[in-house]
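User: Hey, I'm new to this one and could use a quick tour. Can we go through it piece by piece?

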Amino acid sequence: MLKPNNYFKYLTQNEIDFFVGVPDSSLKNFTSYITDHVCKQNNIIAANEGACIGLATGYHLATGKIPLVYMQNSGLGNAVNPLLSLTDEKVYKIPMILMIGWRGEPGIKDEPQHIKQGEITLDLLKCMGIPYIILDAEQENAIKQTRQIIEDTKSTSTVHAIVVRPSVFEKYSLKTKISSNLEISREDALKTVIDSLNESDIIVSTTGKLSRELFEYRDTKNQGHEKDFLTVGSMGHSSAIALGIALQKKERRVFCLDGDGAMLMHTGTLANIGTLAPNNFFHILFNNGAHESVGGQPTAGFEVEFTEVASAYQYKSVISVDTQKDLSEVLSHLKDITGPLLIEIKVGINSREDLGRPNISPLDNKTNFVKNLK
Ligand SMILES: Cc1ncc(C[n+]2csc(CCOP(=O)(O)OP(=O)(O)O)c2C)c(N)n1
C-alpha cells in the first residue's frame, strides 16, 4: 500500500502542489493528508466536481503549472461538461491531472449507486480522450506510473487521470477537526424531526450517512420505508427531487433532509424552490460543516449563512437552531408554518461506526415510495 506522505512528497517534488477536489471515501487517506498539510488556498474543497475543473483551469492559466483535481468517480459526471467544453484539446487545451476514486469496480461488491458508474469509469475516460493509469499499490510502480503521467500531461498539455482503487493508500486519519461544541448529533436531530412528522408526510433524504441513519431509525421503530426516498447517489439533487414531488402533490407535505456538502453542491435549486414557492416544501438542513460520510473533510458549511442564502432565494421562512430545545420548539410550530421553509440544524460530527446500510434495493424503495405517494 502507498504511504500518503511519500506519495504527496513525490507530487510536490514534481511541482504538483495545488489541489482542488470533492472528497471521496476511496481517496480519503490521501486527501485527508493533503487537508492536514496544505493551506486552504492550495487545497480547495470545491462545491462540485465541475467547479473543480474550473478552479484548476484558472490556476493553470494564472501559473502555467499543473493542478491535481481529486474526486470520486460519481463526480466525473459533474465534471464531464467542463472536461469536454473547456479543458479538451479541441477547446482551450488545459493540462491537469485528475485523481479519481474508483467505486463500483466490476467484480467488487459495492453499493447500488456505484455499480453503473464503476462499470463505465474507464470507458468514460477513454471516450473523453483522457489517458489514464490505474494506480499500483506498490510504491515503486506507483511512482513510475505517476512520473509518466506527469511527463505526459506536461508534454501534451492535456488532461490525464490517475484512477485509484479504495485499498491503495495506507490509513491516514484526518487531524483537521471541525471545531464545534454543538450539543446535538445528526442522528438525534434526525430522530427528533422524524418523530414530529405526520403519517402523510413525505421525505426525500440526501446522499450518505443521513439516509442510512434514517433507514435504521425506521427499522428500529418497526416502521416501513415507503415514506422515504433515499437519494443514495446523485449527491446534491435531493432538493430538486423533493421539489418535483411537492409541485405535483400539493396536498402532502414534502420534507427534504439535506446535508451541507450536498446543499453547497447544487445550491442553485434553492432559487427554484424559493421562486416556485410550493407551500408544502420543508427543507431541513443538517449542517455539520463537513463531508462526514466520506472522511469528515471540511465544507464551508460553518462559514456561510445558509439561512440568508435561502432568504435571498425567496424562501418564506428560515431559521437556524443548534440545541435540542430550540429544535423541538421549532418543530412544534411546524403545523402553523407554510413553506418553503428552511430549518438549519447545526449538528456535531459523531455518527456511529456500526451504522448499517439500506437492505432494500433502490428499485424496491422507489416502488414502495410511489405506491405510498398514490
Ligand atoms: C457527485 C458526487 N460527488 C461526491 C460524492 C461522494 N460523497 C458521498 S457522500 C459525500 C458527502 C456529503 O456531505 P454532506 O452533504 O455534508 O453530508 P455528510 O456526509 O456530512 O452527512 C460525498 C462527497 C458523491 N456521492 N457524488
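User: Which residue with a positive phi follows helix 5?
Analyst: That's Gly129, with phi near 75°. Keep in mind that we're looking at a predicted model.

User: Okay, and how many residues does helix 5 have?
Analyst: Helix 5 covers residues 112–127, which makes 16 residues. From its first C-alpha to its last it reaches 23 Å, close to the 22 Å expected.

User: Where is the kink in helix 5 centred?
Analyst: On Thr121, and the kink is about 50°. Thr121 is also one of the buried residues of helix 5.

User: Which others are buried in helix 5?
Analyst: Besides Thr121, you have His114, Gln117, Gly118, Leu122, Leu124 and Leu125.

User: And what covers those buried residues of helix 5?
Analyst: The cover includes helix 4 (76–85) plus several strands: strand 3 (68–72), strand 4 (96–101), strand 5 (132–134) and strand 6 (159–164).

User: Those strands keep coming up. In what order do the six strands of the open sheet go?
Analyst: The order is 2-1-3-4-6-5, and the pairing is parallel. At the edges sit strand 2 (43–45) and strand 5, each pairing on one side only. Neighbouring strands in this sheet are turned by 20° against each other on average, ignoring direction.

User: Over how many bridges do strand 1 and strand 3 pair?
Analyst: Three, in the parallel sense; strand 1 is residues 19–21. To pick out a partner, Gly21 bridges to Tyr70 in strand 3.

User: Which strands does helix 6 lie across?
Analyst: Helix 6 (residues 139–156) lies across strand 4, strand 5 and strand 6. Relative to strand 6, helix 6 runs at about 160°.

User: Switching to helices. At what angle do helix 3 and helix 4 pack?
Analyst: About 35°, and their axes are 6 Å apart. Helix 3 is residues 49–63.

User: Which residues meet there, between helix 3 and helix 4?
Analyst: Helix 3 brings Glu49, Gly50 and Ile53, while helix 4 brings Asn78, Ala79, Pro82 and Leu83. Sorted by class, this contact has four nonpolar, two polar and one charged residues.

User: What about Leu55, which lies in helix 3: why does it count as partly exposed rather than buried?
Analyst: Leu55 has a relative accessible area of 32%. Buried means under 20% and exposed means over 50%, so Leu55 falls in between.

User: What does Leu55 touch, leaving out residues up to four places away in sequence?
Analyst: Phe18, Val20, Ile44 and Ala46. As for Gly21, 34 residues away along the chain, its C-alpha is separated from that of Leu55 by 9.4 Å.

User: Let's jump to strand 10. How many of its residues are buried?
Analyst: Seven of its seven, across residues 281–287. Both faces are covered: Phe281, His283, Leu285 and Asn287 are on one side, with Phe282, Ile284 and Phe286 on the other.

User: Why do they split up like that?
Analyst: In a regular strand the side chains alternate between the two faces of the sheet.

User: And which residue in strand 10 does Asp258 stand opposite?
Analyst: Leu285. Strand 9 (residues 254–259) pairs with strand 10 in the parallel sense over six bridges. Strand 14 (residues 341–346) also runs parallel to strand 10, joined by six bridges, and there Phe286 stands opposite Ile345.

Technical notes: Residues numbered from 1 in each chain as written. Predicted model: local features only at pLDDT ≥ 70, side-chain atom pairs only at ≥ 80, totals over all residues. Heavy atoms only, no water. Helix = DSSP H or I, 4+ residues; strand = E, 2+ residues; numbered from the N terminus. Expected span 1.5 Å × (residues − 1). Bend = angle between axes of the 7 residues up to and from the residue. Buried < 20%, exposed > 50% of the residue type's maximum accessible area, 1.4 Å probe, protein only. Contact = heavy atoms within 4.5 Å. Pairing = 2+ DSSP bridges. Axes fitted to C-alpha atoms, helices over the stretch in contact; angles between N-to-C directions. Nonpolar A, V, L, I, M, F, W, Y, C, P; charged D, E, K, R; others polar.
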